[in-house]
Amino acid sequence: MMGEMFSRLGSPQQDEKSLLFPSPASDSKTVNYNSTGSSKTFCVPCEGAAGTSFVTCPTCQGNGDIPRELEKQLVALIPYGDQRLKPRHTKLSVFLAVLLCLVTSSFIIFFLFPRSIAVQPAGLNSSTVAFEEADIHLNMTNILNVSNTNYYPITVIQLTIEVVHLSLVVGQASNSLLLHIGPLASEQIFYAVASRIWDENTYKICTWLKIKVHHVLLYVQGTLTYTYLGHLEQLVFQSHEYVDCRGNTSVPHLLASYPP
(Lines give C-alpha, C1' and ligand atoms only; values in the text may rest on other atoms or scores of the structure.)
Protein backbone atom coordinates (compact mmCIF):
# COMPACT_ATOMS: atom_id res chain seq x y z
CA MET A 1 0.00 0.00 0.00
CA MET A 2 2.73 2.46 0.97
CA GLY A 3 4.83 1.47 -2.04
CA GLU A 4 1.93 2.14 -4.36
CA MET A 5 1.51 5.66 -2.93
CA PHE A 6 5.20 6.45 -3.40
CA SER A 7 5.04 5.17 -6.93
CA ARG A 8 2.11 7.52 -7.69
CA LEU A 9 3.67 10.62 -6.17
CA GLY A 10 7.02 10.08 -7.73
CA SER A 11 10.32 11.27 -6.46
CA PRO A 12 11.20 14.94 -5.77
CA GLN A 13 14.03 14.73 -8.26
CA GLN A 14 11.63 13.88 -11.04
CA ASP A 15 9.33 16.81 -10.13
CA GLU A 16 12.25 19.26 -10.11
CA LYS A 17 13.44 17.95 -13.45
CA SER A 18 9.98 18.35 -14.95
CA LEU A 19 9.87 22.00 -13.78
CA LEU A 20 13.32 22.92 -15.01
CA PHE A 21 13.13 21.15 -18.33
CA PRO A 22 9.75 21.34 -19.99
CA SER A 23 8.48 18.59 -22.13
CA PRO A 24 9.06 18.56 -25.89
CA ALA A 25 5.32 19.17 -26.41
CA SER A 26 5.45 22.46 -24.54
CA ASP A 27 8.82 23.29 -26.05
CA SER A 28 7.37 22.99 -29.50
CA LYS A 29 5.07 25.97 -28.78
CA THR A 30 7.86 28.56 -28.80
CA VAL A 31 9.63 30.30 -31.60
CA ASN A 32 12.71 32.46 -31.60
CA TYR A 33 13.23 36.27 -31.74
CA ASN A 34 16.42 37.54 -33.29
CA SER A 35 18.12 40.05 -31.01
CA THR A 36 20.90 42.53 -31.65
CA GLY A 37 23.50 39.80 -31.24
CA SER A 38 23.74 36.24 -32.51
CA SER A 39 21.81 34.68 -29.60
CA LYS A 40 18.10 33.92 -29.84
CA THR A 41 15.30 34.05 -27.26
CA PHE A 42 12.04 32.11 -27.38
CA CYS A 43 8.84 34.14 -27.20
CA VAL A 44 6.25 33.35 -29.89
CA PRO A 45 4.28 30.12 -30.31
CA CYS A 46 5.74 27.89 -32.99
CA GLU A 47 2.45 27.05 -34.63
CA GLY A 48 1.95 30.70 -35.75
CA ALA A 49 5.54 31.25 -36.83
CA ALA A 50 4.93 30.00 -40.33
CA GLY A 51 2.09 32.48 -40.95
CA THR A 52 3.58 35.43 -39.04
CA SER A 53 5.34 38.20 -40.98
CA PHE A 54 8.36 39.90 -39.49
CA VAL A 55 9.90 43.35 -39.98
CA THR A 56 13.35 44.59 -39.18
CA CYS A 57 13.71 46.12 -35.74
CA PRO A 58 14.40 49.86 -36.17
CA THR A 59 16.34 50.24 -32.90
CA CYS A 60 18.78 47.32 -32.99
CA GLN A 61 20.94 48.29 -35.98
CA GLY A 62 19.11 46.02 -38.41
CA ASN A 63 20.09 42.76 -36.65
CA GLY A 64 16.71 41.90 -35.11
CA ASP A 65 13.21 40.96 -36.29
CA ILE A 66 9.87 41.72 -34.68
CA PRO A 67 6.34 40.58 -35.59
CA ARG A 68 4.51 43.07 -37.79
CA GLU A 69 1.43 43.14 -35.54
CA LEU A 70 3.59 44.26 -32.60
CA GLU A 71 5.43 46.94 -34.54
CA LYS A 72 3.29 49.82 -33.27
CA GLN A 73 3.46 48.70 -29.65
CA LEU A 74 7.23 48.99 -29.25
CA VAL A 75 9.00 51.91 -27.63
CA ALA A 76 12.38 52.95 -28.98
CA LEU A 77 15.12 53.93 -26.56
CA ILE A 78 17.73 56.25 -28.05
CA PRO A 79 21.03 56.81 -26.23
CA TYR A 80 21.59 60.27 -24.84
CA GLY A 81 24.69 60.76 -26.96
CA ASP A 82 22.97 59.79 -30.21
CA GLN A 83 23.56 62.27 -33.04
CA ARG A 84 19.86 62.29 -33.85
CA LEU A 85 19.29 64.18 -30.61
CA LYS A 86 21.89 66.77 -31.63
CA PRO A 87 21.03 67.99 -35.14
CA ARG A 88 23.84 69.92 -36.77
CA HIS A 89 21.72 72.87 -37.91
CA THR A 90 19.64 73.40 -34.75
CA LYS A 91 21.65 76.37 -33.50
CA LEU A 92 21.76 77.92 -36.95
CA SER A 93 17.99 77.51 -37.41
CA VAL A 94 17.26 79.04 -34.01
CA PHE A 95 19.64 81.92 -34.70
CA LEU A 96 18.06 82.64 -38.09
CA ALA A 97 14.54 82.50 -36.61
CA VAL A 98 15.46 84.92 -33.81
CA LEU A 99 17.23 87.22 -36.28
CA LEU A 100 14.20 87.21 -38.60
CA CYS A 101 11.88 88.08 -35.71
CA LEU A 102 14.14 90.94 -34.61
CA VAL A 103 14.43 92.37 -38.12
CA THR A 104 10.67 92.13 -38.68
CA SER A 105 9.92 93.77 -35.33
CA SER A 106 12.42 96.54 -36.05
CA PHE A 107 10.83 97.30 -39.41
CA ILE A 108 7.33 97.32 -37.90
CA ILE A 109 8.40 99.66 -35.11
CA PHE A 110 10.27 101.93 -37.54
CA PHE A 111 7.38 102.33 -39.99
CA LEU A 112 4.50 102.40 -37.49
CA PHE A 113 6.13 104.46 -34.74
CA PRO A 114 4.10 107.72 -34.50
CA ARG A 115 6.01 110.85 -35.42
CA SER A 116 5.02 114.44 -34.86
CA ILE A 117 2.97 116.37 -37.42
CA ALA A 118 4.49 119.69 -38.49
CA VAL A 119 1.96 122.53 -38.48
CA GLN A 120 3.33 125.84 -39.68
CA PRO A 121 1.24 129.00 -40.27
CA ALA A 122 2.15 130.44 -43.68
CA GLY A 123 0.67 133.89 -43.05
CA LEU A 124 -2.11 135.98 -44.47
CA ASN A 125 -3.49 135.19 -47.89
CA SER A 126 -6.15 137.91 -48.22
CA SER A 127 -8.20 140.29 -46.13
CA THR A 128 -11.22 142.57 -46.51
CA VAL A 129 -12.13 145.52 -44.30
CA ALA A 130 -15.47 147.21 -43.64
CA PHE A 131 -16.19 150.08 -41.27
CA GLU A 132 -19.22 150.99 -39.20
CA GLU A 133 -19.69 153.89 -36.84
CA ALA A 134 -17.34 152.53 -34.17
CA ASP A 135 -16.49 149.00 -35.32
CA ILE A 136 -14.12 147.44 -37.81
CA HIS A 137 -15.15 144.28 -39.59
CA LEU A 138 -12.05 142.43 -40.71
CA ASN A 139 -12.36 139.22 -42.71
CA MET A 140 -9.08 137.48 -43.39
CA THR A 141 -8.03 134.23 -45.01
CA ASN A 142 -4.89 132.56 -43.72
CA ILE A 143 -2.83 129.61 -44.87
CA LEU A 144 -1.69 126.68 -42.75
CA ASN A 145 0.98 124.23 -43.92
CA VAL A 146 0.61 120.69 -42.59
CA SER A 147 3.42 118.17 -43.12
CA ASN A 148 3.00 114.48 -42.40
CA THR A 149 6.32 112.96 -41.34
CA ASN A 150 4.92 109.47 -40.80
CA TYR A 151 5.05 106.45 -43.09
CA TYR A 152 1.27 106.13 -43.01
CA PRO A 153 -1.51 108.57 -44.02
CA ILE A 154 -3.35 110.90 -41.68
CA THR A 155 -6.73 112.61 -41.94
CA VAL A 156 -7.41 116.17 -40.77
CA ILE A 157 -10.98 116.33 -39.46
CA GLN A 158 -11.31 119.69 -37.70
CA LEU A 159 -9.68 123.11 -37.45
CA THR A 160 -10.55 125.59 -34.70
CA ILE A 161 -9.32 129.20 -34.89
CA GLU A 162 -9.41 132.05 -32.42
CA VAL A 163 -8.28 135.63 -33.13
CA VAL A 164 -7.21 137.87 -30.26
CA HIS A 165 -6.62 141.64 -30.35
CA LEU A 166 -5.46 143.52 -27.25
CA SER A 167 -6.23 140.51 -25.02
CA LEU A 168 -9.79 140.37 -26.35
CA VAL A 169 -11.20 137.64 -28.55
CA VAL A 170 -12.43 139.38 -31.69
CA GLY A 171 -13.05 136.38 -33.96
CA GLN A 172 -13.66 132.64 -33.87
CA ALA A 173 -14.06 129.92 -36.49
CA SER A 174 -14.48 126.15 -36.50
CA ASN A 175 -14.18 124.18 -39.72
CA SER A 176 -14.98 120.50 -40.19
CA LEU A 177 -12.59 118.98 -42.71
CA LEU A 178 -11.87 115.68 -44.33
CA LEU A 179 -8.37 116.23 -45.69
CA HIS A 180 -6.25 113.13 -46.36
CA ILE A 181 -2.49 113.63 -46.25
CA GLY A 182 -0.34 110.79 -47.56
CA PRO A 183 2.87 109.44 -46.04
CA LEU A 184 5.73 111.96 -46.05
CA ALA A 185 3.49 114.51 -47.80
CA SER A 186 2.46 118.12 -47.18
CA GLU A 187 -0.78 119.99 -47.76
CA GLN A 188 -2.07 123.55 -47.41
CA ILE A 189 -5.22 124.47 -45.54
CA PHE A 190 -6.98 127.79 -46.25
CA TYR A 191 -9.18 129.01 -43.45
CA ALA A 192 -11.22 132.19 -43.11
CA VAL A 193 -11.97 134.08 -39.90
CA ALA A 194 -14.38 136.98 -39.49
CA SER A 195 -13.26 139.42 -36.81
CA ARG A 196 -14.95 142.47 -35.28
CA ILE A 197 -12.79 145.09 -33.59
CA TRP A 198 -14.49 147.73 -31.47
CA ASP A 199 -11.45 149.39 -29.90
CA GLU A 200 -11.58 153.19 -30.28
CA ASN A 201 -7.85 153.73 -30.75
CA THR A 202 -7.64 150.99 -33.34
CA TYR A 203 -10.57 152.50 -35.16
CA LYS A 204 -8.79 155.88 -35.32
CA ILE A 205 -5.57 154.28 -36.62
CA CYS A 206 -7.42 152.46 -39.38
CA THR A 207 -9.55 155.44 -40.47
CA TRP A 208 -7.22 158.40 -40.03
CA LEU A 209 -5.99 159.47 -43.44
CA LYS A 210 -2.96 161.36 -42.12
CA ILE A 211 -1.40 158.06 -41.05
CA LYS A 212 0.29 156.23 -43.92
CA VAL A 213 0.58 152.83 -42.20
CA HIS A 214 -2.69 151.26 -41.15
CA HIS A 215 -1.68 147.95 -39.64
CA VAL A 216 -3.27 146.10 -36.79
CA LEU A 217 -1.58 143.27 -34.89
CA LEU A 218 -3.67 140.14 -34.40
CA TYR A 219 -2.77 137.07 -32.43
CA VAL A 220 -4.04 133.87 -34.07
CA GLN A 221 -4.17 130.61 -32.18
CA GLY A 222 -5.73 127.37 -33.35
CA THR A 223 -6.16 123.67 -32.79
CA LEU A 224 -5.78 121.07 -35.53
CA THR A 225 -7.48 117.71 -34.98
CA TYR A 226 -6.38 114.68 -37.02
CA THR A 227 -6.61 110.92 -36.93
CA TYR A 228 -4.16 108.15 -37.78
CA LEU A 229 -4.37 104.37 -37.36
CA GLY A 230 -7.57 104.76 -35.35
CA HIS A 231 -6.08 107.34 -32.94
CA LEU A 232 -7.25 110.93 -32.42
CA GLU A 233 -4.67 113.67 -31.86
CA GLN A 234 -4.72 117.46 -31.49
CA LEU A 235 -2.04 120.01 -32.30
CA VAL A 236 -1.99 123.60 -31.08
CA PHE A 237 -0.38 126.33 -33.18
CA GLN A 238 -0.14 130.11 -32.93
CA SER A 239 1.04 133.07 -34.97
CA HIS A 240 1.04 136.89 -35.08
CA GLU A 241 -0.37 138.62 -38.14
CA TYR A 242 -0.01 142.23 -39.21
CA VAL A 243 -3.13 143.06 -41.20
CA ASP A 244 -3.75 146.24 -43.19
CA CYS A 245 -7.00 147.57 -41.78
CA ARG A 246 -7.36 150.41 -44.27
CA GLY A 247 -7.94 148.54 -47.49
CA ASN A 248 -8.29 145.09 -48.98
CA THR A 249 -5.13 143.06 -49.52
CA SER A 250 -4.29 139.81 -51.25
CA VAL A 251 -0.93 138.16 -50.76
CA PRO A 252 -0.65 134.68 -52.36
CA HIS A 253 1.62 132.18 -50.68
CA LEU A 254 3.19 129.05 -52.10
CA LEU A 255 3.38 125.72 -50.36
CA ALA A 256 6.45 125.61 -48.16
CA SER A 257 7.89 122.30 -47.03
CA TYR A 258 9.35 122.09 -43.58
CA PRO A 259 11.76 119.39 -42.51
CA PRO A 260 10.59 117.10 -39.73
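## A guided tour of the predicted model

Begin with the whole protein in view: of its 260 residues, 26% count as buried, and the model you are looking at is a predicted one. Colour the chain by secondary structure, and you should find 5 helices and 12 strands. With the surface switched on, the accessible area comes to about 18,100 Å², and 61% of that area belongs to carbon and sulfur atoms. If you then display contacts between residues at least 6 apart in sequence, 61% of them join residues that are at least 24 apart.

Next, select Cys 206 and Cys 245, which form a disulfide with their sulfur atoms 1.9 Å apart. This pair links distant parts of the chain, 39 residues apart: Cys 206 sits in helix H5 (residues 200-207), while Cys 245 belongs to the loop between strand S11 (231-244) and strand S12 (249-250). Turn the view to look along the bond between the two sulfur atoms; the torsion about the S-S bond of Cys 206 and Cys 245 is about -100 degrees, so the disulfide is left-handed. Both Cys 206 and Cys 245 are buried, and the protein's disulfide count comes to 1.

For the last stop, move to strand S6 (residues 136-148) and select Asn 142 within that strand. Is Asn 142 buried or exposed? With a relative accessible area of 1%, Asn 142 is buried, because anything under 20% counts as such. To see what surrounds this residue, leave aside the neighbours within four places in sequence and show the contacts of Asn 142, which are Gly 123, Leu 124, Asn 125, Ile 189, Phe 190, Tyr 191, Val 220 and Glu 241.

Terms used
Residues numbered from 1 in each chain as written. Predicted model: local features only at pLDDT ≥ 70, side-chain atom pairs only at ≥ 80, totals over all residues. Heavy atoms only, no water. Helix = DSSP H or I, 4+ residues; strand = E, 2+ residues; numbered from the N terminus. Buried < 20%, exposed > 50% of the residue type's maximum accessible area, 1.4 Å probe, protein only. Contact = heavy atoms within 4.5 Å. Areas by Shrake-Rupley, 256 points an atom, 1.4 Å probe, with all protein chains shown as cover. Disulfide = S-S within 2.5 Å.
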